[in-house]
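Reader: I have a chain open on my screen and am new to reading structures. Could we go through it together?
Author: Certainly; please ask in any order you like.

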Amino acid sequence: MLVVRPWCKNSWVYGASSRIPRRPRHAWFRCLSTAPEGQNGSIDDLLQAVVHDFQAPIRFAVAYGSGVFPQKGYNYKKAQPGSKEGPMVDFIFGVTHPAHWHSLNIRQNRNHYSSLALLGSGVISRVQEQTGAGIYFNPDVEVAGMRIKYGVVSMDTLIRDLSDWETLYLAGRLSKPVKILRDDARVTIANRKNQRSTLRTALLLLPHEFSEEDLFLTIAGLSYRGDFRMTVGENPHKLYNMVATQMDLFREIYKPIIEDLPNVTYTSPETIQQDTDLRLQAALLQKLPKNLYNKIHQHHRWYLSNHGERIKMLDVEEPGLSQSIAASPDLPRYTEKSIVEIVKWPAMAQAIKGVFTAGIGRAVTYALAKLKKSLAGNGKPSRR
């Protein structure tokens with residue numbers, strides 16, 4: 001049966017601060033345990049047991065999603081996370097050598113793989129790294145008594161996406177609350193940069209003054225812009241359901257960054273203002289991930305050339321280039337379109353790849369479960 005335990009001492013969120021998380025205000029943030037009553041297990045112990053069950057070496061591991069952090073729309077008393085009826089528990093594993101890792105894992109867990117495993121770990125590794133977002137998912141498998149989905153990604157691909165936003169697939173996931181099960185110093189540094197980039201990007205899409213909830217909804221939604229799954233197969237209230245029950249976790253990550261930035265400040269406990277001074281906005285633009293900044297630049301040049309405006313030397317060199325972009329009233333539109341371009345095709349390719357990596361049977365089961373969640377969430381979400 002489900003046991004709801006007090007806030008676990010060793011539970012923590014991937015934040016920009018090393019402070020110990022305060023006890024959340026909401027009852028939703030108690031640790032959920034599927035251990036029988038009388039045992040001392042916590043969700044941390046159960047998740048760690050999953051990671052330790054794999055014999056192939058894992059350098060970095062996180063768990064995330066509604067199976068780890070409770071969300072609105074789930075009845076956790078009736079549907080335990082990781083059970084057949086409850087939400088699947090999602091993992092990402094960072095590994096050093098994907099081909100070697102899959103070779104070891106196929107020997108141990110052949111039933112996790114589709115018929116692609118017959119072609120060998122080398123083919124699986126190439127499918128992983130050369131298509132979609134560079135991650136290989138095995139969904140709906142049982143490990144250590146828990147129903148999970150796990151994605152395998154090379155450490156190099158993970159760190160590049162966190163730093164440069166090549167696809168925003170992994171960077172978007174790690175910009176939200178996750179539970180770290182096995183840490184890596186390089187990922188920690190790269191994700192701090194990623195979270196600062198996420199906040200800066202959200203600021204470009206928000207007005208002069210906005211609520212803390214609006215900020216977190218914008219942050220949570222960045223990696224879903226352009227993702228076709230948000231129109232087909234996902235709960236339409238996914239973002240609200242996530243943020244509504246994880247406000248404290250988002251705050252734990254982003255409030256220290258807000259307090260550190262020169263152009264944004266809290267004016268009340270839940271209201272934020274940003275300074276839209278041209279020089280500050282230009283400085284913000286220069287610190288965006290390389291891929292995003294380049295695309296914003298391209299949209300700005302296209303706008304100038306198609307509106308008969310002469311592109312001066314000032315507009316193609318820094319700091320004049322960033323100031324020219326920051327002065328454009330279309331900057332939010334540049335930003336929106338650029339994010340969609342980054343997300344759209346990798347997300348599409350990743351979904352198509354999932355049909356082959358999961359196998360037809362598991363892919364259909366997984367898609368039907370998503371569709372069921374989508375239909376169940378078509379009603380208007382209740383506000384706090």
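Reader: How many of the residues are buried, as a percentage of the 384 in the chain?
Author: Buried residues account for 55% of the 384 residues. Buried means under 20% relative accessible area, exposed means over 50%, and partly exposed lies in between, with a 1.4 Å probe and protein chains only.

Reader: Where do these numbers come from?
Author: This is a predicted model, in which local features need pLDDT of at least 70 and side-chain atom pairs count only at pLDDT 80 or more, while totals for chains, interfaces and linings use all residues. Residues are numbered from 1 along each chain as its sequence is written, and side-chain values use heavy atoms, with hydrogens and water left out.

Reader: How much area does the chain expose?
Author: About 17700 Å² is exposed, and carbon and sulfur atoms supply 54% of that area. Accessible areas come from the Shrake-Rupley method with a 1.4 Å probe; for residues, only the protein chains shown count as cover.

Reader: And how many helices and strands are there?
Author: There are 14 helices and ten strands in the chain. Helices (H or I, at least four residues) and strands (E, at least two) are DSSP runs, numbered from the N terminus.

Reader: What percentage of the contacts join residues at least 24 apart?
Author: Of the contacts between residues at least 6 apart in sequence, 74% join residues at least 24 apart. Contact means heavy atoms within 4.5 Å.

Reader: Let us look at one helix. Is α4 mostly covered or mostly uncovered?
Author: Helix α4 is mostly covered, with eight of its ten residues buried. Among them are Met-155, Leu-158, Ile-159 and Leu-162, and also Asp-161 and Asp-164.

Reader: How does α4 lie against α6?
Author: The axes of α4 (residues 155–164) and α6 (residues 185–205) come within 8 Å and cross at roughly 25 degrees. Helix α4 is therefore roughly parallel to α6. Axes are lines fitted to C-alpha atoms, for helices over the stretch in contact, and angles run from 0 to 180 degrees between N-to-C directions. Angles under 35 degrees count as roughly parallel, over 145 as roughly antiparallel, 65 to 115 as roughly perpendicular and the rest as oblique.

Reader: Which residues make that contact?
Author: On the α4 side they include Leu-158, Ile-159 and Ser-163, and on the α6 side they include Val-187, Ala-190 and Lys-193. By class, the contact of α4 with α6 has six nonpolar, three polar and three charged residues. Here Ala, Val, Leu, Ile, Met, Phe, Trp, Tyr, Cys and Pro count as nonpolar, Asp, Glu, Lys and Arg as charged, and the others, Gly among them, as polar.

Reader: What else does Ser-163 touch?
Author: Leaving aside neighbours within four places in sequence, Ser-163 is in contact with Ala-190, Lys-193 and Pro-289. Pro-289 is 126 residues away along the chain, yet the C-alpha atoms of Ser-163 and Pro-289 are separated by 6.4 Å. Ser-163 counts as buried because its relative accessibility is 16%.

Reader: What follows α4?
Author: Trp-165 follows α4, and its phi is positive, near 55 degrees. This residue is found in the loop between α4 and α5 (169–174). Trp-165 is buried, since its relative accessible area is 0%.

Reader: Why remark on the sign of phi?
Author: Most residues other than glycine have a negative phi. Leu-168, in that loop between α4 and α5, also is not a glycine and has a positive phi of about 65 degrees. Leu-168 is buried, with a relative accessible area of 3%.

Reader: Back to α6. How does it meet α9?
Author: The axes of α6 and α9 (residues 247–260) come within 10 Å and cross at roughly 70 degrees. The two helices are therefore roughly perpendicular to each other. Gln-195, Arg-196, Thr-198 and Leu-199 in α6 meet Ile-253, Tyr-254, Ile-257, Ile-258 and Asp-260 in α9. These residues divide into five nonpolar, two polar and two charged.

Reader: One last topic: where is Val-153, and is it buried or exposed?
Author: Val-153 is in strand β6 (residues 146–154). It is buried, with a relative accessible area of 0%. Its contacts, not counting residues up to four places away in sequence, include Ile-92, Phe-93, Ile-135, Leu-158 and Leu-170.
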